[in-house]
Amino acid sequence: MVEVFGISSQILFSQLMLGLINGAFYATMSLGLALIFGVLNIINFTHGAQYMMGGFIAWMLLHYLGIGYWPALILSPAIVGASGFVIERLLLRHLYRLDHLYGLLLTFALSLVIEGVFRDRYGVSGQPYEIPELLQGGFNLGFMFLPKYRAWVLAASVGMCLLTWWGIERTRLGSRLRAATENPMLVRAFGIRVPRMITMTYVGGVMLAAFAGVLAAPIYQVSSIMGVNIIPVVFAVVVIGGLGSIFGAVITGFAVGLLEGATKLIYPQAANTAVFFIMIIILIIRPQGLFGKRNY
Amino acid sequence: MTNSKCYMGCAVLLATMFLNCTAVAAQEGVKIGVMNDQSSIYADLSGLGGVEAARMAIEDFGGKVLGQPIQFISADHQNKPDVAANLANRWYDAENVDVIVDVPNSAAVLAVQEIARQKKKLVLVSTGGTSEFTGAKCSPYGAQWTYDTYALAAGTARALVQDKGLNWYFITADYAFGQALQRDTTKFVTEAGGKVVGFSTHPFPNQDFSSYLLSAAGSKADIVALANAGGDTINAIKQAREFNLFKQGGQRLAALLMFISDVNSLGLNTAQGIVLTTGFYWDLNDETRAWSKRFFERRKVMPTMTHAGVYSSVMHYLKAVQAAGTKDPLTVMQKMRDTPINDMFAKNGHLRVDGRMVHDMYLVQVKTPAESKYPWDYYKVLRTIPGDQAFRPLKEGGCPLVAN
């Protein structure tokens, strides 16, 4: 067995693999967050609650209606997206011209309310959600046992990130969206309905969170507090990547996952703080974030 | 205009807060405060269930002691030791709380123990598990009712080492409770002829356990022991199944602290076969069943051992106040030590000078789905561990109150 810095390559590879899988969650989550911030100028603190709702609705579909994992992967984000539509139309759109703080306060309050309702109804221990039959078992990679489901999580997240990137960078709708972000007045003058695009962006971002929630359901217990644990890291990822930078959010998401994996090898106690340490350093030497533009 | 409205609102709010405070201070009866985690990972095993159990005890006692109505408050310490300390200071000083009950999270428990000592008021712990509480940090004002890390270690470690579980690997929550549990368990494992081959510490709370589980699998240990609790234990067990820890390496999982709420959350399919030590099980006898069914009607879940412990401790406290004819803390505590505890929770239990309530513990195994015949039929009792074997002998804890 080859040793690197006194750590066997077997352990090194397996920890990095796990880090990459955790990074997949961070990337999907922070992608939605960055998208919303870039277009709406809103720091969506409800993101963790919407991730939780994604997992919970998947569980509810199974528990009450007998609808399994695969349909839930589409249905659950659609339902959470619909709730996002209501939030944007009813509440958020009044805040675009105000300071960031108002959006932050509103979304933070919303997340407390949503999580409180679920906690009151379902407690905190969580509901069991089985791994779908197709993805049970795992592969022996030689250096580790990789559950099939985790491999699927990685593939699905990368796929979703690529799809979103393609939608924004390579389609007509995406180019209008980017234009509207730069100069909404001008784009409106061309007869493009900017408010509708903004609503759809929020719905899209929220759906990404819910999608990550469904992916997480079979790994973690589906519980009212599952979003609370992930949201600080996701915010740190967005800050490191550069607020509003979609590409930055994805790359940083995976990088932070890897970094956590490596930290667990060297000094496990610091695994949860390493990302914030990096965030502080980035804020000092490059306040706009690794991939951010200076005017943010 | 908006500003003045806001000021008005704030003023009204403040005024009502003061009104509440004065209303409370005017009365002089016994005041019981349940402090626990009502919003974070221990909210199901303690939380509002603990609040309800204390309420049941007060109701069953008749609602009055020393001719005065029993007052009751509760609060969420959010699993944060600093919040717990602030609450304890305020309750003892400003709100005239006589006794703080339940208190999960060992770090919070040790903080409240010190404050109770300074303020000369009582604390009756049910959920907090560190054995330090009755060891070096013991106090004449503190009692620990339901279990401690020593009892968990003694019950589970002895049984598993005897059953060919010689090599142990720990996955430990990185705070007072996890450390105490690992230390106490290590002692029993080595004494029984086993050895500890490694450990990982994880931040508290934590969600992803995959990397710790992989290290555990790589260690080739016979037993992978979880020195954590609540949501952490649940996620670790669930992911251990996912990573095939048991089939691949032939390893066995020991959840050193597991509550019936955790088993209920995981489902028997995932939790089956796990051996654990508990201070109470709802389905032990007619008395436990009768009480637990009353609890169930109120909370729609069966009680955990710490819920039952809260009830027992509050009941015993109220009886002692009544018998002593005073609420003076040291007099009441002496009365509590002098009187044996006989209720649905404990038979011939007794409270020691170091604050340890000694009672029988139970070594149980989680049933398979096929063995479970009715809702919440989760455990089969393997063995009753008599109190004097379950808990640390009085002289070994290093409590300064114990005369040599």
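**Exercise 1. Contacts along the chain**

Determine what share of the contacts in chain A between residues at least 6 apart in sequence join residues at least 24 apart.

*Solution.* The model is predicted. Step 1: keep the contacts in chain A whose residues are at least 6 apart in sequence. Step 2: within this set, 75% join residues at least 24 apart.

**Exercise 2. The overall form of chain A**

Compare the radius of gyration of chain A with that of a compact globule.

*Solution.* Step 1: chain A has 296 residues, so a compact globule would have a radius of gyration near 19 Å. Step 2: the value for chain A is 19 Å, which agrees. Step 3: the C-alpha trace spans about 65 × 50 × 35 Å along its principal axes. Step 4: buried residues account for 51% of the 296 residues.

**Exercise 3. A helix and its end**

Chain A contains 11 helices and 4 strands. Check the length of helix H2 (residues 47–65) of chain A.

*Solution.* Step 1: helix H2 has 19 residues, and at 1.5 Å a residue the expected span is 27 Å, because the rule takes one less than the number of residues. Step 2: the end C-alpha atoms of H2 are 26 Å apart, which agrees. Step 3: just after H2(A), Gly66(A) adopts a positive phi of about 70 degrees.

**Exercise 4. The contact between the chains**

Describe the side of chain B that touches chain A.

*Solution.* Step 1: chain B supplies 31 residues to the contact and chain A supplies 29 residues. Step 2: on the side of chain B, the elements giving two or more residues are strand E9 (195–202), helix H7 (210–218), helix H8 (230–242) and helix H10 (260–266). Step 3: H8(B) gives the most, with 6 residues. Step 4: the residues on this side of chain B divide into 8 nonpolar, 17 polar and 6 charged.

Terms used: Residues numbered from 1 in each chain as written. Chains lettered and ligands numbered in written order. Predicted model: local features only at pLDDT ≥ 70, side-chain atom pairs only at ≥ 80, totals over all residues. Rg over C-alpha atoms; globule rule 2.2 N^0.38 Å. Buried ≥ 20, exposed ≤ 12 C-beta atoms within 10 Å, placed from the backbone. Contact = placed C-beta atoms within 7 Å. Nonpolar A, V, L, I, M, F, W, Y, C, P; charged D, E, K, R; others polar.
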